[in-house]
Amino acid sequence: MEALALGFSLGLWAGINPGPLTLLVIRQALTHGAGAAVLASLAPLLTDSFAILLAFVVARSLPPGLEQAMEAVGGAFLIYLGYKGLRKAGNADPRSGALRGLRDAVVVNLTNPHMYLFWFAVGVGQLKRPAPEPLWFILGFYPAIVGSKALIGTLIARYRHLSWLLPLARWSNALLIALGGYLLVVAARA
């Protein structure tokens with residue numbers, strides 16, 4: 001049960017932690033509603049398996065320059081998403097917006113070096129523990145990370161009609177651009 005509590009705690013922390021994926025979930029909630037936000041919050045289920053496999057195959061440290069390259073690609077993609085969001089007032093088809101949001105969330109998560117660092121530094125150690133500990137860890141982690149992001153998106157979508165909340169869609173796009181710029185600067189500094 002310790003592994004379940006640890007997985008839940010780490011998943012909850014990752015779910016409510018501000019970052020590119022959380023911003024994307026918020027943007028989806030504001031522009032396309034709760035369904036699109038929940039769909040975007042599923043990205044860790046689709047991307048983490050790649051990071052876990054990589055963590056098992058590759059040594060404990062990332063090859064030189066890989067983290068910086070991922071940050072640069074991720075930063076450029078966030079700038080693109082923010083710019084695209086600022087240029088577009090809305091989407092006529094909420095389903096296509098939701099599917100694009102899921103695609104964007106998957107790309108954002110795949111280019112997020114923090115996901116890989118988590119699995120390399122913390123997650124893979126938990127998955128190497130004797131059975132059934134890894135299963136308990138996963139059963140705690142994924143419902144917490146996906147559920148907390150989905151809850152944030154659902155709550156924001158529920159109140160998105162409030163006049164003071166509507167400008168957040170624009171601000172979330174501007175914040176994506178700023179975060180992307182920050183990642184580019186960090187990658188260039190290293």
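How are helices α2 and α9 oriented relative to each other? In this predicted model, α2 and α9 pack at an angle of about 155°; because angles over 145 degrees count as roughly antiparallel, the two helices are therefore roughly antiparallel to each other. A second helix pair, α4 with α8, and one internal cavity are also described below.

**Packing of α2 and α9**
- Helix α2 spans residues 20-32 and helix α9 spans residues 167-189, and their axes lie 9 Å apart.
- The crossing of this pair is left-handed.
- On the α2 side, Pro 20, Leu 23, Leu 24, Arg 27, Leu 30 and Thr 31 take part; they meet Leu 168, Ala 169, Ser 172, Asn 173, Leu 175, Leu 176 and Leu 179 of α9.
- Sorted by class, this contact comprises 9 nonpolar, 3 polar and 1 charged residues.

**Packing of α4 and α8**
- The axes of α4 (residues 43-57) and α8 (residues 133-158) come within 11 Å and cross at roughly 135°, which means that α4 is oblique to α8.
- The crossing of α4 with α8 is right-handed.
- Helix α4 contributes Pro 44, Leu 45, Asp 48 and Ile 52 to the contact, while α8 contributes Phe 141, Tyr 142, Ile 145 and Val 146.
- The contact of α4 with α8 contains 7 nonpolar residues, no polar residues and 1 charged residue.

**Internal cavity**
- The model holds 1 cavity of 30 Å³ or more, and the largest cavity encloses about 50 Å³ of space.
- Its lining consists of Pro 20, Gly 74, Leu 78, Val 108, Thr 111, Asn 112, Pro 113 and Leu 183.
- By class, the lining has 5 nonpolar, 3 polar and no charged residues.
- Pro 20 belongs to this lining and also to the contact of α2 with α9.

Note on methods. Residues numbered from 1 in each chain as written. Predicted model: local features only at pLDDT ≥ 70, side-chain atom pairs only at ≥ 80, totals over all residues. Heavy atoms only, no water. Axes fitted to C-alpha atoms, helices over the stretch in contact; angles between N-to-C directions. Helix = DSSP H or I, 4+ residues; strand = E, 2+ residues; numbered from the N terminus. Parallel < 35°, antiparallel > 145°, perpendicular 65-115°, else oblique. Left-handed = near helix turned anticlockwise from the far one by under 90°. Contact = heavy atoms within 4.5 Å. Nonpolar A, V, L, I, M, F, W, Y, C, P; charged D, E, K, R; others polar. 1 Å grid on protein atoms, 1.4 Å probe; cavity = no way out; pocket = protein on both sides within 12 Å on 5 of 7 lines; lining within 4 Å. Points joined across faces, edges and corners; volume = space filled by probe spheres on them.
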